[in-house]
Amino acid sequence: MRSWERDPILAVDRLSMRFGGLVAVGDVSFHVGRGEVTAVIGPNGAGKTTVFNCITGFYKPTVGRLALSHGGAPTHAELDDLTRVGRASARTAAGGLFLLERLPDHKVASAAKVARTFQNIRLFSGMTVLENLLVAQHMGLTETGLLSPSALFNLPSWRRREKAAVERAVSWLERIHLIDRADDPAGDLPYGDQRRLEIARAMCAQPVLLCLDEPAAGLNPRESHALNELLLSIRKDFSTSVLLIEHDMSVVMGISDHVIVLEYGRKIADGTPEEVRTDPRVIAAYLGVDEEAVMAVEAEVGV
């Protein structure tokens with residue numbers, strides 16, 4: 001049994017998403033390993049972002065179960081019990097168990113602890129670099145998302161939470177080498193720095209699962225290498241599981257433990273980077289030819 005099957009932080013089971021008569025994702029199942037980097041790849045229009053939107057609460061799947069667990073893999077009985085009673089979450093022997101398809105989108109982030117970035121950078125460009133990281137922590141600062149009496153009266157409990165939030169933000173700015181730009185507007189940063197800042201903002205929410213939508217898009221080779229190092233350090237230092245969509249194969253093959261390949265909304269491959277790299281169906285999907293043609297060429301050249 002593979003590591004991601006043995007202890008998945010997220011189990012996607014028979015996920016389908018339809019928009020009217022269009023099936024954007026059809027019957028897709030896969031696991032995201034706890035503490036691993038998992039990549040979802042595929043040609044344009046394969047359904048990758050739709051899968052992400054279902055996982056992060058932007059879409060409600062037409063069909064399927066998205067089970068995320070804190071602390072350890074749930075038993076089949078625990079999953080079946082939660083599904084049967086119609087609840088969205090439960091406490092288990094291993095920790096919290098969440099059915100993401102049943103949670104409101106804000107609860108996917110705040111309760112299930114799933115954070116994401118977007119293909120198009122969505123920083124608050126008029127706010128400072130530091131303020132962008134503090135905004136990500138607003139739920140922790142206010143407890144309920146609303147201004148609390150402790151904040152209104154500047155009570156010690158509020159000051160402690162505020163200090164911890166600033167310290168966390170400063171720590172991340174040091175990690176991504178932007179501490180000298182803390183008071184600059186985020187929109188003034190170079191593109192590569194904005195990418196790293198967006199990842200740091202997501203991490204300030206202390207997620208158990210970090211979802212990244214094409215984090216290397218628009219980066220040069222040096223910036224892509226720095227991104228690889230940042231993501232590997234996130235996995236190592238915080239034990240955060242990372243799920244990413246990416247077209248840059250140097251990023252995918254350089255840091256991924258597990259790769260899932262989609263084509264036309266269906267899963268066509270699922271395995272280690274090396275297994276996926278040599279899969280005839282994956283080669284066919286990326287070259288735009290049928291599988292028989294790829295296999296014929298492989299046979300001819302002795303691959």
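Leaving aside neighbours within four places in sequence, with which residues is Q137 in contact? In this predicted model, the residues concerned are A165, R168, A169 and C204. The points below take up the surroundings of Q137, then an open sheet of 5 strands and the helices that touch it.

**Q137 and its surroundings**
- Q137 belongs to the loop that connects α5 (129-135) with α6 (138-142).
- With a relative accessible area of 5%, Q137 falls under the 20% limit and is therefore buried.
- The side chain of Q137 makes a polar contact of 2.7 Å with that of R168.

**The sheet**
- The strand order is β2-β1-β4-β6-β5, and the pairing is antiparallel.
- β2 (22-33) and β5 (89-91) are the edge strands, each of them paired on one side only.
- On average, neighbouring strands of this sheet are turned by 15 degrees against each other, direction ignored.
- Between β5 and β6 (residues 96-99), the antiparallel pairing extends over 3 bridges, and S89 is found opposite F98 of β6.

**Helices on the sheet**
- Helix α2 packs on the sheet, where it touches β1 (8-19), β2 and β4 (63-69).
- The direction of α2 makes about 115 degrees with that of β1.
- Helix α3 (residues 76-85) lies across β4, β5 and β6, and runs at about 50 degrees to β6.

**Burial and end of α2**
- Helix α2 (residues 48-55) is mostly covered, with 7 of its 8 residues buried.
- The buried residues of α2 are K48, T50, V51, F52, N53, C54 and I55.
- G57, which follows α2, has a positive phi near 90 degrees.

Note on methods: Residues are numbered from 1 along each chain as its sequence is written. This is a predicted model: local features need pLDDT of at least 70, side-chain atom pairs count only at pLDDT 80 or more; totals for chains, interfaces and linings use all residues. Side-chain values use heavy atoms; hydrogens and water are left out. Buried means under 20% relative accessible area, exposed over 50%, partly exposed in between (1.4 Å probe, protein chains only). Helices (H or I, at least four residues) and strands (E, at least two) are DSSP runs, numbered from the N terminus. A polar contact is a pair of N or O atoms within 3.5 Å; within protein, one must be able to donate a hydrogen and the other to accept it, and residues adjacent in sequence count only if both atoms are side-chain atoms. Contact means heavy atoms within 4.5 Å. Two strands pair if DSSP finds at least two bridges between them. Axes are lines fitted to C-alpha atoms, for helices over the stretch in contact, and angles run from 0 to 180 degrees between N-to-C directions.
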